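Here are some exercises to work through at your own pace. Try each task on the model first, then read the solution under it.

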Amino acid sequence: MIVVAGEALIDLVPQGAGALAALRPALGGGPYNTAVALGRLGSPVAFCSRVSYDAFGEALLDRLRETGVDVSPVQRGNEPTTLAVASLDADGSAAYTFYVEGTADRLFTVPAGLPPGTRAVSFGTCSLVLEPGAGAYEELLHTTAAQEVFTALDPNIRPGLIPDPDAYRARFRSWLPSVSLLKLSAEDAEWLGGTPREWLAAGPAAVVVTRGGAGLTAYTRDGGEHTVPGEHVPVVDTIGAGDTVNAALLHGLAARDALGDGALAGLGAQGWAGLLGFAARAAAVTCSRAGAEPPYAREVAL
């Protein structure tokens, strides 16, 4: 079982140019997309979050169930669902404005436990920024790591949500001793400061940096550096591409029985090339269609 912990929200995606273009609601949130992608790829997966009882919340849970995601760890609340209004630039890259005050996912509390057989837990995005839920997710991260469960972190930086960047950067560094696999985009890395080697020294067994169409690079504690090129496809938008990479990495590691710090170190050049190539192919499928629509196992070879 892979558990994904974090927010579920509604992306409002423009259907044309200009500030007043019609908006199409799409199910989203970085952790939510990761859970859906894992389910579609065929991994046993559970979602750990807090979701509204409103119509959006019900739609979010319906897709998880349809995808085979275990929703038993999901907490519920009467507060509204978080909204994220997307804007797309000429190459399909997305930026977001968030409506988060008083929403359900901010009130997440530490669960009494995780599903039996949990081998890995994935964290990231808005859920690690917005209090009071951020503190609960942070506690879950440290507790999970202390139990020697594999942990994955994608900070997925949204600058508009971070009132004190320096405080967040310090908090990010405090998470690293509890992280097995750190995945982040080149833009996130630049915003955070530091280098993969510095982050590896603080805790993770591997750091994966994504560079869009330019590909992915994995850095490992033994000095290894493994790069694969991106898969070039006609890009509709990039919504959910990074989340698909998260899911593909976790799915691929589970398939290789490598959800452990020592196992990561033993992947070697061939193992990393196969894993990163799979993640690049999966992300390309997501980029080739509108919204966060990650691939099914039949659409991408492991």
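**Exercise 1. Find out what share of the protein's residues count as buried, and how the chain is packed overall.**

Solution. Keep in mind that this is a predicted model. Step one is the burial count: of the 302 residues, 57% count as buried. Step two is the inventory, which comes to 9 helices and 14 strands. The radius of gyration is 18 Å, close to the 19 Å that the globule rule gives for 302 residues, so the protein is as compact as a globular protein of that length. For step three, draw a box along the principal axes: the C-alpha atoms fill roughly 50 × 45 × 40 Å. Finally, look at who meets whom. Among contacts between residues at least 6 apart in sequence, 69% join residues at least 24 apart.

**Exercise 2. Describe the outside of the protein: how much area is exposed, and how far apart are the mean positions of the positive and negative charges?**

Solution. Start with the area, where about 12,000 Å² is exposed. Carbon and sulfur atoms supply 54% of that. Now the charges: there are 20 positive and 32 negative ones. Take the mean position of each set, and you'll find the two points 4 Å apart.

**Exercise 3. Work out the length of helix 3, and what its buried residues pack against.**

Solution. First, the length. Helix 3 has 14 residues and reaches 20 Å from its first C-alpha to its last, close to the 20 Å expected at 1.5 Å a residue. Next, pick out the buried residues, among them Ala-134, Tyr-137, Leu-140 and Leu-141. Glu-138 is also one of the buried residues. Then see what this buried set packs against: the partners are strand 1 (2-5), strand 4 (45-48), strand 5 (50-52), strand 9, strand 10 and helix 4 (165-175).

**Exercise 4. Look on either side of helix 3. Which peptide bond is cis, and what is the phi of Glu-148?**

Solution. Begin with what's usual: most residues other than glycine have a negative phi, and most peptide bonds are trans. On one side, the bond from Glu-131 to Pro-132 is cis, with omega near 5°. Pro-132 sits in the loop between strand 9 (120-124) and helix 3 (133-146). On the other side, helix 3 is followed by Glu-148, whose phi is positive, near 65°. Glu-148 belongs to the loop between helix 3 and strand 10 (150-154). Its relative accessibility is 75%, so Glu-148 counts as exposed.

**Exercise 5. Go to Asp-257. Where does it lie, and is it buried or exposed?**

Solution. Asp-257 is in the loop between helix 7 (241-255) and helix 8 (261-265). Check its backbone: phi is near 55°, a positive value in a residue other than glycine. Then check its accessibility, which is 58%, so Asp-257 counts as exposed.

**Exercise 6. Is helix 9 largely enclosed or not, and how far does it reach?**

Solution. Helix 9 covers residues 268-287. With 20 residues, helix 9 reaches 28 Å from first C-alpha to last, close to the 28 Å expected. Now count the covered residues: 14 of the 20 are buried, so helix 9 is largely enclosed by the rest of the structure.

**Exercise 7. Take Ser-185, Gly-230 and Asp-54. Which residues beyond their sequence neighbours does each one touch?**

Solution. Do them in turn, leaving out residues up to four places away in sequence.

- Ser-185 is in strand 11 (residues 181-185). Its relative accessible area is 15%, so Ser-185 is buried. Ser-185 touches Val-209 and Thr-210. Ser-185 and Ile-157 are 28 residues apart in sequence, with their C-alpha atoms 9.0 Å apart.
- Gly-230 is in the loop between strand 14 (225-228) and helix 7. At 13% relative accessibility, Gly-230 is buried. Gly-230 touches Gly-213, Ala-214 and Gly-215. From Gly-230 to Ala-206 is 24 residues in sequence and 20 Å in space, C-alpha to C-alpha.
- Asp-54 is in the loop between strand 5 and helix 2 (55-66). With 25% relative accessibility, Asp-54 counts as partly exposed. Asp-54 is in contact with Glu-79, Pro-80 and Thr-81. Asp-54 and Gly-77 are 23 residues apart in sequence, and 8.8 Å apart from C-alpha to C-alpha.

Terms used:
Residues are numbered from 1 along each chain as its sequence is written. This is a predicted model: local features need pLDDT of at least 70, side-chain atom pairs count only at pLDDT 80 or more; totals for chains, interfaces and linings use all residues. Side-chain values use heavy atoms; hydrogens and water are left out. Helices (H or I, at least four residues) and strands (E, at least two) are DSSP runs, numbered from the N terminus. Buried means under 20% relative accessible area, exposed over 50%, partly exposed in between (1.4 Å probe, protein chains only). Contact means heavy atoms within 4.5 Å. The radius of gyration is taken over C-alpha atoms; the globule rule is 2.2 Å times the number of residues to the power 0.38. Accessible areas come from the Shrake-Rupley method with a 1.4 Å probe; for residues, only the protein chains shown count as cover. Lys and Arg count as positive and Asp and Glu as negative; His and the chain ends are not counted. The place of a charge is taken as NZ of Lys, CZ of Arg, CG of Asp or CD of Glu. The expected span of a helix is 1.5 Å times one less than its number of residues.
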